[in-house]
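Grab a coffee and work through these exercises with the structure open. Try each task before you read its solution.

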Amino acid sequence: MNQSTCEPDFFTKHVGGPAAQVQLKGAKMGLFTGKTGLVMGVANDRSIAWAMSESLFAEGAELAFTHLPSPSSERRVSRLVEAQNPKLVVPCDVQKDEDLERVFKAVEQTYGKLDFLIHSIAFAPPDELKKPYLQTSRAGWHLAMDISAYSLVACSRYATPLMPHGGTIVTVSYFGGEKVMPGYNLMGVCKAALEHSVRYLAWDLGREKNIRVNAISAGPMRTLSSAGVPGFDEMREHAAEKACLNRNVDFKELGNTALYLLSDLSGGMTGEVLHVDCGYSIVGL
Ligand SMILES: NC(=O)c1ccc[n+]([C@@H]2O[C@H](COP(=O)([O-])OP(=O)(O)OC[C@H]3O[C@@H](n4cnc5c(N)ncnc54)[C@H](O)[C@@H]3O)[C@@H](O)[C@H]2O)c1
């Protein structure tokens, strides 16, 4: 093939031209080299946010982390991330505006900017999920919606000033936000609010700010959060049985999808909910 008709290679296209290729010979370059992100939602090494972090670290990203404000959360997350030596690992309860303000101020002081934000946070009181949706309490509704849906709006608002030249935001949803999944109940309604927030945020942030907002709708994964969903193991078995690929998705596949959504590879995409569920959601059976 004539040289001039060749497709430019991956790094030339997405990392930055021939100079980047020259640098590649001496130093390790990745898709995210020089990019800084804040990861909200790592609880342990089974967290979806941790799978995303591992993929991002492998591509050279600089990551800051938040954890729930408790000594055990701090210990667990600090231990998990220490090999990567992140500059910032800070406590944050997304229900508290003062925590959000402090976290994003610390990001600004430490890095001066943010290229991307991962929001991988949800909570509903376990008792609320055990009863029929009809019996959802007002207090349970407010708490679950605040942590699982409103927090994306608040975090996006705080992140925006740190992304003056554009950026990307990714959150994590579940199919129970589109269809009834018995047992998922109140959390399904939170995911519906989260997914529609993705679309409204994509509109608000896309025009002048060039910030893209997308969601991954992940297949069922065994994590700390999913342990609180009644009948979760049966849901997982059923999903694997029905999915086009006849299996459940794995953590690495979710992590790598985050690479796509957070990088220029998905540059023309915003306001989307991308199903990473081995094709479960397209089957009507
Ligand atoms: N596990 C699954 O099957 C599955 C499937 C689809 C979507 N999701 C979604 O993925 C996201 C991550 O969940 P996961 O499964 O990795 O479980 P996880 O328990 O590892 O992560 C949930 C995170 O939410 C954080 N969190 C809860 N309340 C908070 C608060 N007030 N302030 C700050 N952080 C708070 C927890 O500290 C934890 O880090 C959630 O939005 C969840 O709904 C999970």
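**Exercise 1. The helix α4**

Which elements do the buried residues of α4 pack against?

*Solution.* Before we start, note that this is a predicted model, where local features need pLDDT of at least 70, side-chain atom pairs count only at pLDDT 80 or more, and totals for chains, interfaces and linings use all residues. Residues are numbered from 1 along each chain as its sequence is written.

Step 1: find the helix. α4 covers residues 97-111; helices (H or I, at least four residues) and strands (E, at least two) are DSSP runs, numbered from the N terminus.

Step 2: pick out its buried residues. These are Leu100, Val103, Phe104 and Val107. A residue is buried if 20 or more other C-beta atoms lie within 10 Å of its own, exposed if 12 or fewer, and partly exposed in between, with C-beta atoms placed from the backbone.

Step 3: look down the axis. The buried residues of α4 sit within an arc of 90 degrees, so they line one face of the helix; the arc is that of the directions from the helix axis to the C-beta atoms.

Step 4: list the partners. That buried set packs against β1 (36-40), β2 (62-67), β3 (89-91) and α6 (138-159). Contact here means that two C-beta atoms, placed from the backbone, lie within 7 Å.

Step 5: flip the helix over. On the other side of α4, you'll find Glu98, Glu101, Lys105 and Gln109 exposed.

**Exercise 2. Length and exit**

Work out how the span of α4 compares with expectation, then check what follows the helix.

*Solution.* Step 1: α4 has 15 residues, and the expected span is 1.5 Å times one less than the number of residues. That rule gives 21 Å, and α4 reaches 21 Å from its first C-alpha to its last.

Step 2: just past α4 comes Gly112, with a positive phi of about 80 degrees.

**Exercise 3. Two non-glycines with positive phi**

Are Asn246 and Cys278 buried or exposed?

*Solution.* Step 1: Asn246 has a positive phi of about 60 degrees although it is not a glycine, and Cys278 also has a positive phi of about 60 degrees without being a glycine.

Step 2: place them. Asn246 lies in the loop between α8 (232-242) and α9 (251-262), while Cys278 is in the segment after β7 (273-276).

Step 3: count neighbours. Asn246 has 10 C-beta neighbours inside 10 Å, so it counts as exposed. Cys278 has 20 C-beta neighbours inside 10 Å, so Cys278 counts as buried.

**Exercise 4. Leu201**

Describe where Leu201 sits and what it touches.

*Solution.* Step 1: Leu201 belongs to helix α7 (residues 185-206).

Step 2: Leu201 is buried, because 23 other C-beta atoms lie within 10 Å.

Step 3: leaving out residues up to four places away in sequence, Leu201 touches Val153, Ser156 and Val213.

**Exercise 5. The ligand shell**

How many residues surround the ligand?

*Solution.* Step 1: 26 residues surround the ligand, and the closest are Ala43, Ser47, Ala122, Thr223 and Ser225. A residue is near the ligand if its C-beta atom, placed from the backbone, lies within 6 Å of it.

Step 2: α2 (48-58) and β5 (167-173) are the elements that give two or more residues to this shell.

Step 3: sort by type. The shell divides into 17 nonpolar, 8 polar and 1 charged. Ala, Val, Leu, Ile, Met, Phe, Trp, Tyr, Cys and Pro count as nonpolar, Asp, Glu, Lys and Arg as charged, and the others, Gly among them, as polar.
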